[in-house]
Amino acid sequence: MATRWDESNAPRGDRYDERWARLAASGQSVHGEAALIDSLVRDLENATILDAGCGTGRVAIELNRRGHEVVGTDIDESMLATARRKAPEIDWLLADLAHLGDHVDATFDVAVLAGNVMIFVDPGTEARVVEQVTHRLVPHGLLVAGFQVRTDRLPIEDYDRYATAAGLELVARWATWDREPYTGGDYAVSVHRRIG
Ligand SMILES: C[S@@+](CC[C@H](N)C(=O)[O-])C[C@H]1O[C@@H](n2cnc3c(N)ncnc32)[C@H](O)[C@@H]1O
């Protein structure tokens, strides 16, 4: 099965990182995701974080730099190769999120689906991806996902339905990683908590 990511012509590996480097050089923040996650786990000692669909490790590496234990997983070996080169000390696993349980035994305090991962998965697997990632959370663990809300891909109502079916409850939703209020716009950052 092909993910939408396979079919996209987005740059891969080092070339994917070049875009973020350009944004950083122009003074834009490229660590909004890590800053938000960091603030969510501030009260936890030794929080463990799964960067699901980690790509080249942008979010995981920054979280690790901030002192958190992280594991990154992705289905695209070319993205992981860059992540491994940049941060060999982090565990990077090749895994399809729709079959995450076949590859990852550990459970995490937080799982993050950053950078539109939810709209890049194989169409039709979105519910299974949410379920599989939820199963890798500790009781009351958080799933944090940021993606473009597109009716032709993943309406926010569908995402919430998949989350509820997986055993999650919505605790917060913002329009940006800086916690701008969500007013039904075309980008959402959602925080769900595993019930029990
Ligand atoms: C736009 S990139 C985002 C990378 C990273 N999260 C970031 O924010 O920089 C989307 C990533 O989702 C990954 N992806 C898509 N479908 C996946 C799946 N089923 N399992 C694991 N990773 C997947 C792609 O391989 C790609 O690295």
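Within what distance do the axes of helix 2 and helix 5 come, and at roughly what angle do they cross? The axes come within 7 Å and cross at roughly 65 degrees. The model described here is predicted.

## Helix 2 and helix 5

Helix 2 covers residues 13-25. At a crossing of roughly 65 degrees, helix 2 is roughly perpendicular to helix 5, because angles of 65 to 115 degrees are counted that way.

From helix 2, the residues in this contact are Gly13, Asp14, Tyr16 and Asp17, and they meet Ser78, Met79, Ala81 and Thr82 in helix 5. Sorted by class, the contact has three nonpolar, three polar and two charged residues.

## The sheet

Seven strands form an open sheet in the order 3-2-1-4-5-7-6, and their pairing is mixed. Strands of a sheet pair through backbone hydrogen bonds, and the pairing can be parallel or antiparallel. The edge strands are strand 3, residues 91-94, and strand 6, residues 168-174; each of them pairs on one side only. From one strand to the next, the twist averages 20 degrees.

Strand 2, residues 69-74, runs parallel to strand 3, and four bridges join the two. One pair of bridge partners is glycine 72 and tryptophan 92, the latter in strand 3.

## Helices on the sheet

Helix 3, residues 32-40, packs on the sheet. This helix touches strand 1 (48-52), strand 4 (108-113) and strand 5 (137-148). The direction of helix 3 makes about 160 degrees with that of strand 4.

Helix 5, residues 77-86, also packs on the sheet, where it touches strand 2 and strand 3. Its direction makes about 170 degrees with that of strand 3. Helix 5 therefore has two kinds of contact described here: with these strands, and with helix 2, which is roughly perpendicular to it.

## Helix 3 and helix 4

How far apart are the axes of helix 3 and helix 4, and at about what angle do the helices pack? The axes are 9 Å apart and the angle is about 45 degrees. The two helices are therefore oblique to each other. Their crossing is right-handed.

In helix 3, Glu33, Ala34, Ile37 and Asp38 take part in the contact; in helix 4, they meet Val59, Glu62 and Leu63. Of these contact residues, four are nonpolar and three are charged, with no polar residue.

## Helix 7 and helix 8

Helix 7 (residues 126-134) and helix 8 (residues 156-166) pack with their axes 9 Å apart, at an angle of about 40 degrees. They are therefore oblique to each other. The crossing of helix 7 with helix 8 is right-handed.

Which residues of helix 7 meet helix 8? They are Glu126, Ala127, Val130, Glu131 and Thr134, and their counterparts in helix 8 are Tyr162, Ala163, Ala165 and Ala166. This contact has six nonpolar residues, one polar residue and two charged residues.

## The ligand

How many residues surround the ligand? There are 21, and the closest are Gly53, Gly55, Ile75, Asp76 and Gly115. By class, the shell consists of 11 nonpolar, five polar and five charged residues.

Two helices, helix 4 (58-65) and helix 6 (117-120), each supply at least two residues of this shell. Helix 4 thus appears in two places in this report: in the shell around the ligand and in the packing with helix 3.

Conventions:
Residues are numbered from 1 along each chain as its sequence is written. This is a predicted model: local features need pLDDT of at least 70, side-chain atom pairs count only at pLDDT 80 or more; totals for chains, interfaces and linings use all residues. Two strands pair if DSSP finds at least two bridges between them. Axes are lines fitted to C-alpha atoms, for helices over the stretch in contact, and angles run from 0 to 180 degrees between N-to-C directions. Two residues are in contact if their C-beta atoms, placed from the backbone, lie within 7 Å. A residue is near a molecule or strand if its C-beta atom, placed from the backbone, lies within 6 Å of it. Ala, Val, Leu, Ile, Met, Phe, Trp, Tyr, Cys and Pro count as nonpolar, Asp, Glu, Lys and Arg as charged, and the others, Gly among them, as polar. Angles under 35 degrees count as roughly parallel, over 145 as roughly antiparallel, 65 to 115 as roughly perpendicular and the rest as oblique. A crossing is left-handed if the near helix is turned anticlockwise from the far one by less than a right angle, and right-handed if clockwise.
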